[in-house]
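Keep the structure open beside you as you read. The text goes from one strand outward, then to a sheet and a pair of helices.

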Amino acid sequence: MKETCGNSLVENHPQRHYGITSPISLAPPKEKDYIYTQKLIEAMKPFGVFEDEVELNHRLVVLGKLNNLVKEWISELSKSKNLPPSVLSNVGGKIFTFGSYRLGVHTKGADIDALCVAPRHVERSDFFQSFFEKLKLQEGIRNLRAVEDAYVPVIKFEFDGIEIDLVFARLAIQTISDNLDLRDDSRLRSLDIRCIRSLNGCRVTDEILRLVPNKENFRLTLRAVKLWAKRRGIYSNVLGFLGGVSWAMLVARTCQLYPNALASTLVHKFFLVFSKWEWPNPVLLKQPEESTLNLPVWDPRVNPSDRYHLMPIITPAYPQQNSTYNVSTSTRAIMVEEFRQGLAVTDEILQGKSDWPKLLEPPIFFQKYKHYIVLTASASTEEHHLEWVGLVESKIRVLVGNLERNEFINLAHVNPQSFPGNKELYNESDYVSMWFLGIVFKRVENAESVNIDLTCDIQSFTDTVYRQANNINMLKDGMKIEATHVKRKQLNSYLPADILQKKKKQSLPDISRNSGGLIPKMASVDDSCLDSSRDTDTGTPYSSPPSNRVSKTDSSSVTEMERNTALQRTSATTTRESPSNIAQPPVPVQGFSIPVIGSKTDSTVPVKTAPPLTGCTIPTVVGRNVIPRIIMPHPAQSHRHPAGISFMNPTSTAPKRPHSPAADDCSKRLKDMEKGILGGGGSMPIPTIDTSRLQRLPSKELPDSSSPVTANNIRVIKNSIRLTLNR
């Protein structure tokens, strides 16, 4: 697809106002901006981000076929339900698109996110039964599969070579017309929660497009930012980075602040704005609107749990949600550092000292850290392996959270790319995938050596994965997880030399806190932690429980644990920062035994441990036998951030947030902010949410029914991962 530079002409009459504040600059583009933008397009072309006209037309043909198929199915189903002829003649049905395709930023070979909208007499069960059977008979459809128990239930298939993810929503109306507008909030009335979730994708996408001043400039900028994020390894919602809709909202906010700028300028301003952003102040594209539907929305004044979100980016369509609740302390620190590096590179580009390909260079992940955890997921068949890998990957953020809460760990950086297992290290009949997590250990003063035990952190993660697999009846014989600590020089046993690029060692942020959030302080990797280590891994692999010993467990407790990791991160940060907790090395005491859960006999593994600290304990294994995990109590006092959000003990009463500054004040503050930034001055003021609200349901996610309750424990073989760090 051919892209051209968008040209925004500044008229004499005032421009339409976008966003919750006045723009920072209305300056029109200069001649050099067109040149830099064209160079940006040329730099992106080798990565396949643009489709040609033939490919675009093929997508339109496929979507047309699918739309006709949906109308045909709804008509046939309506006849079988004996609807009157007057209704049958115009019962309708329609396919809507959302995501990257609807935004106009999809890449070559990308899938299409689509929504099937049906009238009220069509049930969800009809979609997953009769429509699924109709798709089976359709020529050109391959790899058809239904995921009915997903958070947003979906049918996945390939139609004439185009991958499609199709979700379903039934509206409380008798017919579906071709000019149906889903932006009307009244369409959500009387719908079940799964339909609301399905509709949310289309409503958010359309609202983003409506809130940007120039769609062409927005699309080209978003293409560049998404490509940069993928190349830098920070594009993954499931692993705690940002997904497509979050990147789109950040770019849209940048476009609102610089409505007349071209893509080259907008990319630079994107890094400028969000490298200075005072997280956790929220990114908003418009003021949240009130509604009488009383659906749960993101509001930290009402919902205490929302105050612990680290990087809130709020969807503009009702019900407003935080699209980044998976972000952790580590992933936010990594992304903020990437924003700063992106700003430095784009500064050089716009000064003529460098070119756009430098911005798209991948990081040297395997030379950046001294210590790594290798996480492997294996299964005995290819089909089981695909299912198992998807589940394990979706839970890796739980492992990152566990490691972050370890008092000796500063940062846990997961590489989003998975790698096939080395056949020399694993059973050749197994299918194996590997992920790598870079670990930065905390600097410990006045200690010659420190003994660190990661066993409980790893065990808690594997228990979570096995429970979830059991809840959805996925767990099969041969499905296993293993975790191993390795040092950088040992990576060549796992990965080929072409991946382990031997380049100059990269610098790494040392994490500290200030009023604006985490601020990385640049320090050498080798200087930021204890210099050498002795690895005392036992090498005993985790193995999955036998199928006849597995039973249903309470997945609602698992979900609650994952969704509330933000609540624990603040406490964990306090734990790591307390000098009294880390100044002295642990004193060895008599070991205790870790039970092998669920076995017929009380088989045990002796493990040495440090004396328990004061504070609360959180069990990491559900069941009769638990391994206590030490978490320091949350500070009782509250901490007020510049946006007016009080971060405080979750048991305390939620105060009302003060009103936002007037629009004129916001405009002046933003203009002063940019002057300060360009001059190396102060930090950015962030507008707060206006209007007071009624009490609502918590907004971590739209609620759904719970899973069955556990009956038995899961048998898991322990893997001890202990190491000694020396000066």
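Start with strand S9, residues 431-441. In this predicted model, 10 of its 11 residues are buried, so S9 is largely enclosed by the rest of the structure. Buried here means under 20% relative accessible area.

Which strands pair with S9? Strand S6, residues 371-379, is one of them. S6 and S9 run antiparallel and share nine bridges. To find the register, look for Ile373, which stands opposite Leu437 in S9. Another pair to look for is Tyr372, opposite Gly438 in S9. Strand S7, residues 409-414, also pairs with S9 in the antiparallel sense, this time over five bridges. Here His413 has Gly438 of S9 as its bridge partner. So Gly438 appears in two pairings, with Tyr372 and with His413. Strand S8, residues 419-420, is joined to S9 by two bridges, and the two strands are antiparallel. Phe419 faces Met434 of S9 in that pairing.

Now move to S6. Nine of the nine residues of S6 are buried, so this strand too is largely enclosed by the rest of the structure. Both faces of S6 are covered. On one side lie His371, Ile373, Leu375, Ala377 and Ala379. On the other lie Tyr372, Val374, Thr376 and Ser378. S6 also pairs with strand S11, residues 480-487. That pairing is antiparallel and has eight bridges. Thr376 stands opposite Glu482 in S11. S6 therefore has bridges to S9 and to S11, and it is largely enclosed.

Take one residue of S6 in detail. Tyr372 sits in this strand. Is Tyr372 buried or exposed? It is buried, with a relative accessible area of 0%. What does Tyr372 touch, leaving aside residues up to four places away in sequence? Its contacts are Phe365, Phe366, Gln367, Leu437, Gly438, Thr484, His485, Val486, Arg488 and Leu491. Among them, Arg488 shows how the chain brings distant positions together: Tyr372 and Arg488 are 116 residues apart in sequence, yet their C-alpha atoms are 7.0 Å apart in space.

Step back to the whole chain. The protein chain has 18 helices and 21 strands. It counts 727 residues, and 55% of them are buried. Take the contacts with a separation of 6 or more: residues 24 or more positions apart account for 76% of these.

Next comes a sheet earlier in the sequence. Five strands form an open sheet, in the order S1-S2-S5-S4-S3, with mixed pairing. Strand S1 (94-98) and strand S3 (141-147) stand at the edges. Each has a single partner strand, so one side of each is left without a neighbour in the sheet. Neighbouring strands are turned by 25° against each other on average, direction ignored. Inside the sheet, strand S2 (residues 112-118) and strand S5 (residues 162-170) run parallel and are joined by seven bridges. Leu115 stands opposite Val167 of S5.

Helices pack on this sheet. Helix H5, residues 124-137, touches S2, S3, strand S4 (154-159) and S5. The direction of H5 makes about 165° with that of S3. Helix H6, residues 193-210, packs on the sheet as well and touches S1, S2 and S5. The direction of H6 makes about 120° with that of S5.

Last, look at a pair of helices. Two packed helices are described by the angle between their axes and the distance between the axes. Helix H1 (residues 31-44) and helix H7 (residues 215-231) pack at about 45°, and their axes are 11 Å apart. That angle makes H1 oblique to H7. Their crossing is left-handed. Which residues meet there? From H1 come Thr37, Leu40, Ile41 and Met44, and from H7 come Leu220, Arg223, Ala224 and Leu227. By class, this contact has six nonpolar residues, one polar and one charged.

Notes. Residues are numbered from 1 along each chain as its sequence is written. This is a predicted model: local features need pLDDT of at least 70, side-chain atom pairs count only at pLDDT 80 or more; totals for chains, interfaces and linings use all residues. Side-chain values use heavy atoms; hydrogens and water are left out. Axes are lines fitted to C-alpha atoms, for helices over the stretch in contact, and angles run from 0 to 180 degrees between N-to-C directions. Helices (H or I, at least four residues) and strands (E, at least two) are DSSP runs, numbered from the N terminus. Angles under 35 degrees count as roughly parallel, over 145 as roughly antiparallel, 65 to 115 as roughly perpendicular and the rest as oblique. A crossing is left-handed if the near helix is turned anticlockwise from the far one by less than a right angle, and right-handed if clockwise. Contact means heavy atoms within 4.5 Å. Ala, Val, Leu, Ile, Met, Phe, Trp, Tyr, Cys and Pro count as nonpolar, Asp, Glu, Lys and Arg as charged, and the others, Gly among them, as polar. Two strands pair if DSSP finds at least two bridges between them. Buried means under 20% relative accessible area, exposed over 50%, partly exposed in between (1.4 Å probe, protein chains only).
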